[in-house]
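Please open the structure in the viewer and keep the sequence beside it. The tour below proposes one selection at a time and describes what each selection contains.

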Amino acid sequence: NKTKMDALPTSLRDLVLFKDPVFSGIAFGFFNVFFYLISYGGYTVLGLILFLASFHILVSVIFLAGQSAYDKFRHGPQPKPAPVPFQVDGQAVSKLVDSLVAHFNCACRLYAETQTCQSAQKCIVGILALYVSSKVSQWFCGVTLLYLAGLLFFTVPLAYTKNQALIDAHLAQAKAKLLEVHAMALSKLPPAKTKPAKTE
């Protein structure tokens with residue numbers, strides 16, 4: 001939702017919302033080519049990253065050499081600009097790690113509650129969720145699931161931003177229907193046994 005999107009780093013939020021269509025389009029195209037080469041080109045993830053890094057450096061060197069020769073021919077010797085290395089935003093990484101840890105701890109807590117059957121609702125939902133996840137994982141390999149996650153990352157936020165009112169209305173209807181089905185399913189379960197009160 002919008003609150004979670006606002007929590008993302010500005011550069012990442014602008015990327016998935018296609019604030020700069022050219023840059024976001026290049027990133028999306030690169031993501032698809034990367035997946036294609038890993039799946040069908042015989043590359044490993046590490047091998048492909050190292051190859052692209054070496055190719056990027058080679059292209060940069062050729063471009064800078066050509067630009068330097070052109071500038072020297074037109075304007076004489078020019079000072080070389082200082083390189084601007086890529087830097088990771090430490091605060092953004094810290095927020096991301098904290099979010100991942102919080103979600104992992106929440107999943108562990110829900111698993112423990114399901115395992116001990118503290119709630120019939122959570123127990124049924126947990127078992128169904130794990131069963132469906134196990135079936136889905138058999139249909140797709142890990143790389144395909146990562147690709148689908150990346151595809152959703154590039155498409156869902158933009159689609160939601162452009163059609164927020166319509167999507168929220170449909171989600172509200174779907175949530176009401178799920179709550180209705182959930183209440184009907186719980187009504188079919190036998191009532192929980194209550195322990196008799198101890199008498200002194």
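The tour begins with the whole chain, then visits three helix pairs and three single residues.

**The whole chain**

Begin with everything displayed, and bear in mind that this is a predicted model. The secondary structure amounts to eight helices and zero strands. Followed along the sequence, the pattern reads α-α-α-α-α-α-α-α. The protein has 200 residues, of which 10% count as buried. Among the contacts with a separation of 6 or more, 51% come from residues 24 or more positions apart.

Next, colour the model by pLDDT. The mean for the protein is 78, and 82% of the residues reach 70 or more. Which element has the lowest mean pLDDT, and which the highest? Helix H1, residues 2-7, has the lowest at 59, and H3 has the highest at 87. Where pLDDT is low, the predicted coordinates should not be read in detail.

**Helices H3 and H4**

Select residues 21-40 for helix H3 and residues 45-75 for helix H4. The two axes come within 10 Å and cross at roughly 130 degrees. With that angle, H3 is oblique to H4. The crossing of this pair, H3 and H4, is right-handed. To see the contact, show the side chains of Phe30, Phe34, Leu37 and Ile38 in H3, together with Val45, Leu48, Ile49 and Leu52 in H4. By class, the residues of this contact are eight nonpolar, no polar and no charged.

**Helices H3 and H7**

Keep H3 selected and add helix H7, residues 142-162. The axes of H3 and H7 come within 11 Å and cross at roughly 170 degrees. Angles over 145 degrees count as roughly antiparallel, so H3 is roughly antiparallel to H7. From H3, the contact takes in Ser24, Ala27, Phe28, Phe31, Asn32, Phe35, Ile38 and Ser39. From H7, Val143, Thr144, Leu146, Tyr147, Gly150, Leu151 and Phe154 take part. The residues of the contact of H3 with H7 divide into 10 nonpolar, five polar and no charged.

**Two serines of H3**

Centre the view on serine 24, which lies in helix H3. Is serine 24 buried or exposed? Its relative accessible area is 1%, so serine 24 is buried. Leaving aside residues up to four places away in sequence, serine 24 touches Asp14, Leu15, Phe18, Lys19 and Phe154. Phe154 also belongs to the H7 side of the contact between H3 and H7.

Move now to serine 39, also placed in helix H3. Serine 39 has a relative accessibility of 33% and therefore counts as partly exposed. Select threonine 144 as well: how far apart are serine 39 and threonine 144 in sequence and in space? They are 105 residues apart in sequence, and their C-alpha atoms are 8.5 Å apart. Both residues appear in the contact of H3 with H7, where Ser39 belongs to H3 and Thr144 to H7.

**Phenylalanine 18**

Select phenylalanine 18, in the loop between helix H2 (10-16) and H3. This residue is one of those touched by serine 24. Phenylalanine 18 has a relative accessible area of 24%, so this residue is partly exposed. What is the phi of phenylalanine 18? Phi is positive, about 55 degrees, although the residue is not a glycine. Most residues other than glycine have a negative phi.

**Helices H5 and H6**

For the last stop, select residues 90-115 for helix H5 and residues 120-139 for helix H6. Their axes come within 8 Å and cross at roughly 115 degrees. With that angle, H5 is roughly perpendicular to H6. The crossing of H5 and H6 is left-handed. On the H5 side, display Leu110, Tyr111, Glu113 and Thr114. These residues meet Lys122, Cys123, Gly126, Ile127 and Leu130 in H6. The contact of H5 with H6 comprises five nonpolar, two polar and two charged residues.

Definitions and conventions. Residues numbered from 1 in each chain as written. Predicted model: local features only at pLDDT ≥ 70, side-chain atom pairs only at ≥ 80, totals over all residues. Heavy atoms only, no water. Axes fitted to C-alpha atoms, helices over the stretch in contact; angles between N-to-C directions. Helix = DSSP H or I, 4+ residues; strand = E, 2+ residues; numbered from the N terminus. Parallel < 35°, antiparallel > 145°, perpendicular 65-115°, else oblique. Left-handed = near helix turned anticlockwise from the far one by under 90°. Contact = heavy atoms within 4.5 Å. Nonpolar A, V, L, I, M, F, W, Y, C, P; charged D, E, K, R; others polar. pLDDT = per-residue confidence, 0-100. Buried < 20%, exposed > 50% of the residue type's maximum accessible area, 1.4 Å probe, protein only.
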